[in-house]
Amino acid sequence: MTQIEIDAAFESGNIEVLSTDKRSARLAIRKDHQSDFAQWFHFRVSGAEGEEIELKLTGLGKSAYPGGWPDYNACVSEDREYWARAASTYDESEEGGTLTIRYTPASDIAWFAYFAPYSMERHHDLIAEAAACEGVDYRRLATTLDGQPLDLLEMGEGELPVWLYARQHPGETQAEWWMEGALERLTDPADPVARELRRRVRFHIVPNCNPDGSRRGHLRTNAVGTNLNREWSDPSADKSPEVLAIRDWMDETGVHFAMDVHGDEAIPAVFLAGFEGIPGWSDEQGKRFYRYQRILDRRTPDFQTELGYPKTPAGKANLGISTNLVAERYGACAMTLEMPYKDLHHAPEPEQGWSPERCRMLARECLAALLEWLEAEEAD
């Protein structure tokens with residue numbers, strides 16, 4: 001019986017091999033650079049064709065979100081295109097909290113990840129394909145600390161500025177799968193929803209706000225350990241140039257509607273978080289957010305309103321968070337869209353759980369809901 005081999009020396013790879021014994025391994029997740037955040041993993045296992053392997057991710061009680069591990073099944077792929085789920089169990093009493101993954105690969109190599117990875121190479125393909133479409137303008141917003149481009153796509157003939165931006169937290173790869181679905185729809189010349197949206201709206205789209213963290217295999221931070229979604233009130237060129245560039249361009253364009261796309265570790269549902277608690281809160285501004293929430297809830301069974309974050313008390317909003325800052329600074333209808341790492345509690349799909357395919361389909365419904373929301377605003 002040969003020994004399995006485990007590798008993570010590739011883009012967004014993250015794992016430390018503590019020990020291996022034939023078909024089993026003890027592993028640990030590496031922290032983000034200059035940060036204590038640890039939750040994202042991405043590695044490959046070779047040498048186990050047709051044999052069950054047992055992978056133990058240890059020390060998870062000290063991970064960023066220990067509540068993310070119960071009832072979670074790891075993502076697995078043998079072709080890096082189709083991602084399924086591998087049976088996983090969590091024991092908080094074993095080695096400081098251990099997720100045990102069991103899987104029998106049909107081929108000699110299998111990849112495991114916290115969620116289906118969205119590589120920077122795929123990102124560049126997405127940008128190139130969208131930028132080549134008629135009516136789409138490309139702008140390099142900034143250069144990151146690691147020297148990567150921060151990409152912005154703009155389209156639409158309308159006057160209303162709508163911002164869509166994703167992956168401030170790089171390990172939340174759901175967000176860029178969502179962006180892929182949104183761009184597929186918006187650049188389709190035959191799609192009636194896209195045509196009408198482009199007529200009414202000027203879109204400003206950042207598919208990946210954190211290229212450096214994405215390439216490095218981080219969960220939550222950029223190249224110097226900064227959580228970008230806490231920087232919006234006071235971004236800086238040395239700690240958060242990504243946020244500084246985006247906010248500066250928002251100042252130029254204005255913002256009527258904004259959606260910041262994320263993933264949530266613990267909550268097994270798709271939900272929206274609003275901007276309750278900002279100093280400038282008004283019932284009228286809040287009414288616009290709640291209307292969009294109701295429209296999306298009616299449009300797709302993958303969305304729900306029962307589970308989510310508690311509302312922030314009046315005047316207590318953290319303006320370092322983008323949704324709060326954008327709502328306060330521009331008077332916008334702003335929101336954070338959260339998607340799960342786990343399966344949906346009310347609509348499970350055991351083979352894949354929440355998946356890239358469902359992220360892309362959700363994006364289409366979010367855009368259709370945006371059009372309906374705009375029509376309702378006009379009618380008021």
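Modeller: A salt bridge is a side-chain nitrogen of Lys or Arg within 4 Å of a carboxyl oxygen of Asp or Glu. This is a predicted model, in which local features need pLDDT of at least 70 and side-chain atom pairs count only at pLDDT 80 or more, while totals for chains, interfaces and linings use all residues. Residues are numbered from 1 along each chain as its sequence is written, and side-chain values use heavy atoms, with hydrogens and water left out.

Colleague: Why is the pair of D343 and R358 called a salt bridge?

Modeller: The closest N and O atoms of D343 and R358 are 3.5 Å apart, and the rule asks for a nitrogen and a carboxyl oxygen within 4 Å, so the pair qualifies. D343 sits in the loop between β16 (333-340) and α8, and R358 in helix α8, 15 residues apart; helices (H or I, at least four residues) and strands (E, at least two) are DSSP runs, numbered from the N terminus.

Colleague: What makes R358 count as buried or exposed?

Modeller: Buried means under 20% relative accessible area, exposed over 50%, and partly exposed in between (1.4 Å probe, protein chains only). R358 has 11% relative accessibility, and therefore counts as buried.

Colleague: How do you know that E378 and R200 form a salt bridge, and which parts does the pair tie together?

Modeller: Their closest N and O atoms are 2.7 Å apart, which satisfies the rule. Because E378 lies in helix α8 (residues 356-379) and R200 in helix α3 (residues 192-200), the pair ties together parts that are 178 residues apart in sequence. E378, at 57% relative accessibility, is exposed, whereas R200, at 14%, is buried.
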